[in-house]
Amino acid sequence: MTAKPVTLQRTIFWRVMLITSVVVWVVAWLLLVFLHTETVLGTGPAMFLAGILLALVHGRRYHHPVWWLAMMNLFLPVFFTILVNLYKWSPGEAREPFIYMGSLAMALAMALTVKGWHMGIKTFEAWQCQQCGYALIHLQTDQCPECGRPFDPQVIQKLQVDTQSLPD
Ligand SMILES: [Zn+2]
């Protein structure tokens, strides 16, 4: 059983979603800083939605910056919502913490985006889990310990991978 290769359409959609995510982050930050705090009511859900689409098109490749970017898109709006409800913040009270935390998150999100963009979305080497990239060498199992995807240990053994040459 060979892994499904990543199609061109998927690669394009993946790039489009990365760009969309950047646009949403930049617009959300600009509106928050230069307009008013209530704009997060619109940009928050947009960021969350972009996170869902990004996670879907990216797939369960946990060893990839874009996975963590998608998680940030999902996490930040939820986190802000929890804070507002927990501390009963008015828009005025929420403003400063939102700008500080939002700017920090923005810097991290952009770093993940740039790193992820350069890595691209691709199929993994034959000795890696085709779903998450985990190195399937010297394992006493036929399931990926990271994500549970089944694989054929005999195929991995036949590859006779030189473990010295493996990346971290
Ligand atoms: Zn896996």
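The paragraphs below lead through this predicted model, from its overall outline to the packing of two of its helices.

In secondary structure, the chain comes to 5 helices and 0 strands, so that reading from the N terminus one meets the elements in the order α-α-α-α-α. To picture the space that the chain takes up, imagine a box laid along its principal axes, which the C-alpha atoms fill with dimensions of roughly 65 × 35 × 25 Å. The radius of gyration of the chain is 20 Å, whereas a compact globule of 168 residues would have a value near 15 Å.

The domain assignment divides the chain into domain 1, which covers residues 8-119, and domain 2, which covers residues 124-168. Taken over C-alpha atoms, the centres of domain 1 and domain 2 are separated by 33 Å. The contact between them draws 4 residues from domain 1 and 5 residues from domain 2, and on the side of domain 1 these are 1 nonpolar, 1 polar and 2 charged residues.

Turning to the helices, H1 spans residues 8-34 and H2 spans residues 40-58, and the two pack at an angle of about 160 degrees with their axes 9 Å apart. Because angles over 145 degrees count as roughly antiparallel, H1 and H2 are roughly antiparallel to each other, and H1 passes H2 in a left-handed crossing. Among the residues that meet here are Phe13, Trp14, Met17 and Leu31 in H1, and Val40, Met47, Leu53 and Leu54 in H2. By class, the residues of this contact of H1 with H2 divide into 15 nonpolar, 4 polar and 1 charged.

Note on methods
Residues are numbered from 1 along each chain as its sequence is written. This is a predicted model: local features need pLDDT of at least 70, side-chain atom pairs count only at pLDDT 80 or more; totals for chains, interfaces and linings use all residues. Domain bounds come from an automatic or database domain assignment. Two residues are in contact if their C-beta atoms, placed from the backbone, lie within 7 Å. Ala, Val, Leu, Ile, Met, Phe, Trp, Tyr, Cys and Pro count as nonpolar, Asp, Glu, Lys and Arg as charged, and the others, Gly among them, as polar. Axes are lines fitted to C-alpha atoms, for helices over the stretch in contact, and angles run from 0 to 180 degrees between N-to-C directions. Helices (H or I, at least four residues) and strands (E, at least two) are DSSP runs, numbered from the N terminus. Angles under 35 degrees count as roughly parallel, over 145 as roughly antiparallel, 65 to 115 as roughly perpendicular and the rest as oblique. A crossing is left-handed if the near helix is turned anticlockwise from the far one by less than a right angle, and right-handed if clockwise. The radius of gyration is taken over C-alpha atoms; the globule rule is 2.2 Å times the number of residues to the power 0.38.
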